[in-house]
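Me: I'd like a close look at one part of this protein, and I'm happy to read a long answer. Here is what I have in front of me.

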Amino acid sequence: RVGGHMVLEEIASFAAGGEDALRLAIPRSWQGITAYTLLFLLKFSMASSVNTKQILRRFEASSALLLGIACQFILLPIVGLIVVVAFQVPPVVGISIIVVTSCPGGTWSNWFVALFNGDLPLSVAMTAVSTIIGVFALPLNVMLLVHLVYDADVVGLHMWKAMIFAVCLVVLAISLGLLLSKCLNDREMRNRSMYCGHVIGVVLLGFMLYLSSTQDPLWYKPMIFFAAVCTPCIVGVILVHLFSTTLAPGLSPVEVTTIVIEACYQNAGLAAAVLTTMFEGKDQGTVNGVCFVYAIAQGVAICCYGTLAWKLGQTYANPNDPFWEVLVQNHNEKPPKWRGMTPRESMLFDVEGDYGTGSPNPRRPGTS
């Protein structure tokens, strides 16, 4: 039996940059390489679509960040643990649920925030912070929760290394994307990056479906499998919204919407990349099936929540605009003209001197 202290030693060894640890963590199968490549491209695209100056403003407004991080790494993993215990799922499925609910900011969280016109800079800032914290929190959460549920260690040391490598890859992608956005500082480039991220996200989802359907088809799964996988994200949306509105009443409605989406849309792509390298054969299909179903379930939950938030005026998009226009246009580059801004929103938008008050002013020619 491998003790928890040995796992921590392996994590420290990997973080120190040991050559052997890195070689063992890098995937060698085409499935693992493809999963990591798509994950890197998606995070790079979404990070480069954001105005870095606006991100700095979100770091100054730290209450939203702290609340979102707490929900991400405390509330959602606990919900996942309770579901695994309540449904008594097999270890492969249980570990997959624990991993996906313990992941940092979701692969598509930035995409959904952009789609429903939440606070995208806040979303990317939360993703950046949660991803860095996730380098330590993800393996520690998984280690603790797996030990609470299962008697024996069912996660080998090579699995921990694969997990840490995936999180470090996401940190690199976000850093390079933000650097590109800062250096070019071009609105058109940011919009093109967002569109690229949308396409890559769809490709990643299709890749998870392919692996699950060829190695362990979903249509042979019992109903309890789908119930166990879907329950955490649905319960999470409800709980995070309640926590955000009661524990931090000073947040703007758009920030609450963003926190719910960011904290509840777990990084199913990261989980799939990690689990694909952790398991082999039929189990590889099973874990990708969990990630695919979870991604669909949380996507449906987020779409319902985002649509409701838009109609209630809790996003930057006008609730009276056509739905297709709300989905395709980027409202994060300008404050909402259809309503007055809250004092908190005025502070967040006051980046280049274009928005100094609650009523928006036209941009100066030549600014991006």
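What follows is my request and then the reply.

Me: Please take me through helix H8 (residues 120–149). Where does H8 bend, and how many of its residues are buried? After that, add what you can about the loop before H8 and a few other spots.

Reply: Sure, but keep in mind that this is a predicted model. Mean pLDDT for the protein is 76, with 75% of the residues at 70 or more.

Let's start with the length of H8. The helix has 30 residues, and a straight helix would reach 44 Å at 1.5 Å a residue, yet the C-alpha atoms at its ends are only 36 Å apart. H8 also has a bend of about 55°, located at Gly-134. As for burial, 21 of the 30 residues in H8 are buried, so the helix is largely enclosed by the rest of the structure.

Now the start of the helix. There, Asp-119 has a side-chain oxygen within 3.2 Å of the backbone nitrogen of Leu-122. Going back a little, Asn-117 sits in the loop between helix H7 (109–115) and H8. Its phi is positive, near 60°, even though the residue is not a glycine. Asn-117 counts as buried because its relative accessible area is 0%, and the cut-off for buried is under 20%.

Gln-88 makes a nice contrast. This residue, again not a glycine, has a positive phi of about 50°, and it lies in the loop between helix H5 (62–87) and helix H6 (91–101). Gln-88, however, is exposed, at 64% relative accessible area.

Another loop residue to look at is Gln-266, between helix H12 (253–264) and helix H13 (268–278). With 0% relative accessibility, Gln-266 is buried, and its side chain reaches the backbone oxygen of Cys-103 at 3.2 Å.

What about the nonpolar core? The largest one has 99 residues, and Phe-112, Val-240, Leu-270 and Leu-275 have the most contacts inside it. Leaving aside residues up to four places away in sequence, Val-240 touches several residues, among them Cys-71, Leu-75, Ile-259 and Cys-264. In soluble globular proteins, nonpolar side chains tend to be buried together.

Finally, Ala-297 belongs to helix H14 (residues 282–311) and is buried, with a relative accessible area of 11%. Beyond four places in sequence, Ala-297 touches Cys-230 and Cys-233.

One caution for residues 351–368: pLDDT stays under 50 there.

Key: Residues are numbered from 1 along each chain as its sequence is written. This is a predicted model: local features need pLDDT of at least 70, side-chain atom pairs count only at pLDDT 80 or more; totals for chains, interfaces and linings use all residues. Side-chain values use heavy atoms; hydrogens and water are left out. Helices (H or I, at least four residues) and strands (E, at least two) are DSSP runs, numbered from the N terminus. Buried means under 20% relative accessible area, exposed over 50%, partly exposed in between (1.4 Å probe, protein chains only). Contact means heavy atoms within 4.5 Å. The expected span of a helix is 1.5 Å times one less than its number of residues. The bend at a residue is the angle between axes fitted to the seven residues ending there and the seven starting there. A polar contact is a pair of N or O atoms within 3.5 Å; within protein, one must be able to donate a hydrogen and the other to accept it, and residues adjacent in sequence count only if both atoms are side-chain atoms. pLDDT is the predictor's confidence in each residue, from 0 to 100. A nonpolar core is a set of buried Ala, Val, Leu, Ile, Met, Phe, Trp, Tyr and Cys residues joined through side-chain atoms within 4.5 Å.
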